[in-house]
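This briefing is meant for a reader who is meeting the structure for the first time. Please keep the sequence and the model in view while reading the notes.

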Amino acid sequence: MRIYKVGGAVRDRLLGKPVTDIDWVVVGATTEEMLAKGFRPVGADFPVFLHPKSGEEYALARTERKSGRGYGGFTFHASPEVTLEEDLIRRDLTINAMAEDDQQNLTDPYHGQRDLEARLLRHVSPAFAEDPLRVLRVARFAARYAALGFTVAPETLELMRQLSESGELEALTPERSWKEISRALMEDQPQVFVEVLRACGALKVLMPEVDALFGVPQPPAHHPEIDTGAHTLSVLQQAATHKQPLTVRWACLLHDLGKGLTPEEEWPRHIAHEFKGLKLIKAVNERFKVPRDCQELALLVGEYHTHGHRALELKPSTLLELLQSFDIYRRPQRFEEFIAACEMDARGREGLEERSYPQADYLRGAATAARSVAVQPLLEKGFKGPELGEAIKRERLKALKAYKETAST
Ligand code: ATP
Ligand code: MG
C-alpha cells in the first residue's frame with residue numbers, strides 16, 4: 001500500500017500556512033489489511049479509518065458516483081485498484097486535490113499548484129455539481145483566503161450558480177450546512193462568504209431573509225453606507241476584526257432582518273424592524289438547527305439592539321426591563337455578547353468604524369448597579385414570594401436611577 005497526505009495539509013503547506021489536521025489517502029489496500037494493521041474503522045460503510053496512534057484520518061482511495069439527491073445519494077467504490085488520480089478527481093477544488101508522499105513529492109494532476117499561484121478557487125471536474133455542499137465550501141474557502149487575494153474562478157462561480165438554481169441546495173441537511181456556515185463565520189473575512197453565496201444565487205436559496213436586505217435603503221444620517229445588505233456585511237466584518245465569538249457573529253448577520261420587510265413607501269425608515277424581524281430570525285435559526293446559544297443571542301440582539309444604541313437616553317425603568325430580559329443575574333456572559341453585537345452594529349457603518357461606543361460601558365455599569373442590590377436585607381424585612389420579587393425590582397430601579405444620575409454628572 002502507498003500512503004499520501006492530501007487535501008488541506010498539502011494546500012496549506014504550499015501556502016506557508018500552519019497545518020493543523022492531516023488527512024491521508026491510502027492506495028492499493030483493502031479494508032482487511034487496514035484492520036490487520038490496527039486501524040480503527042470510522043463508520044460502518046465508509047472506507048475511512050483512524051490511525052491507531054495519531055488518531056488521524058486515513059481514507060482508502062475511492063471513486064464516487066451520484067445516485068440520488070443530497071449527500072446520502074452517493075455510492076462509493078473503494079478498492080485496491082482505485083488510483084490516486086481517480087481519488088483526487090472527486091475532490092472539490094484543484095488546490096484541495098493535490099497529494100504528497102513522505103518525500104514531499106507532489107502529485108498534482110489537476111494543476112492545484114498553478115491555481116495556488118494564480119490565487120484561484122477552481123473546481124476539479126464537472127462532478128463538482130454532484131454535491132451541493134461544495135457551493136458552501138467554496139464560499140468558505142473564499143472567506144478564508146480572501147486576505148491572500150484568492151477569488152472564485154468565473155467558470156466555478158457559473159457552476160455554483162447552476163447548482164443554486166437547480167434546487168439541489170435544498171436537499172442539504174441542516175447539520176451539514178450549519179457546519180460550513182459556522183466555520184465560515186469564524187474566518188477572518190466572513191463577509192466574503194456571504195458575498196460569494198450572493199454572487200452565485202445561493203444566498204437567495206439558503207437565507208432569502210439576508211438576501212432581501214440588499215437594495216433596501218436606510219437613512220443616510222445614521223447609515224452613510226445606506227444599503228442594509230452592505231451594512232450587514234460591514235457589521236459581520238467588524239465582528240471578525242474584533243475577534244468576536246460565533247454567537248455574536250451569528251447575531252450580527254441576522255440583527256436587521258426586519259428591514260427586509262419594510263414596505264417600500266416607508267423607506268428609508270424602518271419602524272419597529274426590531275420586532276418584525278423576530279419571526280425571520282426564528283425561521284433561519286430553525287432552518288439550520290442552529291445551536292441554542294446562537295439562536296438565543298440572535299433573537300435578543302434582533303429585539304433589543306436599538307435599546308443598546310439608545311442606552312444613555314433610556315429611562316431607568318426601560319433600562320431595568322432590558323436587564324431583566326437578558327436575565328443578567330444568571331447570564332452575565334450573554335449580556336456581554338449583546339453589548340458586543342450592538343457595538344459591532346454601530347461600527348459597521350461607513351466612516352464610523354473607529355467612533356467610540358460609550359453605550360457599552362454605560363450598559364455594563366447599569367448591569368453592575370442592578371446586580372449590586374442585595375436580597376438578604378429584603379428577606380430579613382420579611383418579604384416572601386411575589387412580594388419579594390417586587391421588592392427586589394423596586395430596589396434595582398432605585399439603584400438604576402442613582403446610577404443614571406451619577407453617570408450624567
Ligand atoms: P480545512 O483546513 O478546513 O480542514 P480541508 O481542505 O482539509 O480544509 P476537509 O473538510 O478536512 O477540508 O476535507 C479534506 C479534503 O477532502 C479536502 O481538501 C477535499 O479534497 C476533500 N473534501 C472534503 N469535503 C468534500 C466535499 N464535500 N466534496 C469534495 N471534496 C471534499
Ligand atoms: Mg482537513
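The notes below cover the ligand site, the domains and two points of the backbone.

The model is a predicted one, and its protein chain is divided into domain 1, covering 1-111, and domain 2, covering 376-408. The space that ligand 1 takes is the largest pocket, and the shell around ligand 1 includes 13 charged residues.

**Domains**
- The two assigned domains, with bounds 1-111 for domain 1 and 376-408 for domain 2, have C-alpha centres that lie 63 Å apart.

**Surroundings of ligand 1**
- There are 17 residues around ligand 1, and those that come nearest are Arg11, Asn96, Arg134, Arg144 and Arg183.
- By character, the residues of this shell divide into 13 charged, 3 polar and 1 nonpolar.
- Helix H1 (8-15), helix H5 (133-145) and helix H7 (174-185) each supply at least two residues of the shell around ligand 1, and the largest share, 5 residues, comes from H5.

**Polar contacts and burial of ligand 1**
- On the side-chain side, a polar atom of Arg11 lies 2.8 Å from an oxygen atom of ligand 1.
- The backbone also takes part, since a backbone N or O atom of Asn96 lies 3.0 Å from an oxygen atom of ligand 1, while a backbone N or O atom of Asp92 lies 3.2 Å from a nitrogen atom of ligand 1.
- Ligand 1 exposes 590 Å² when taken alone, and the protein buries 83% of that area.

**Backbone points in loops**
- The peptide bond that runs from Trp267 to Pro268 is cis, with omega near 0°, and Pro268 has its place in the loop between helix H12 (246-254) and helix H13 (273-276).
- Arg119, found in the loop between helix H4 (112-118) and strand S10 (120-121), has a phi near 55°, which is a positive value in a residue other than glycine.

Technical notes: Residues are numbered from 1 along each chain as its sequence is written. Chains are lettered from A and ligands numbered from 1 in the order in which they are written. This is a predicted model: local features need pLDDT of at least 70, side-chain atom pairs count only at pLDDT 80 or more; totals for chains, interfaces and linings use all residues. Side-chain values use heavy atoms; hydrogens and water are left out. Domain bounds come from an automatic or database domain assignment. A residue is near a molecule or strand if one of its heavy atoms lies within 4 Å of it. A polar contact is a pair of N or O atoms within 3.5 Å; within protein, one must be able to donate a hydrogen and the other to accept it, and residues adjacent in sequence count only if both atoms are side-chain atoms. Accessible areas come from the Shrake-Rupley method with a 1.4 Å probe; for residues, only the protein chains shown count as cover. On a 1 Å grid over the protein atoms alone, a cavity is a set of points where a 1.4 Å probe fits but cannot get out, and a pocket is an open set with protein on both sides within 12 Å along at least five of seven lines; lining residues have an atom within 4 Å of a point. A molecule sits in a cavity or pocket if more than half of its atoms lie within 2 Å of its grid points. Helices (H or I, at least four residues) and strands (E, at least two) are DSSP runs, numbered from the N terminus. Ala, Val, Leu, Ile, Met, Phe, Trp, Tyr, Cys and Pro count as nonpolar, Asp, Glu, Lys and Arg as charged, and the others, Gly among them, as polar.
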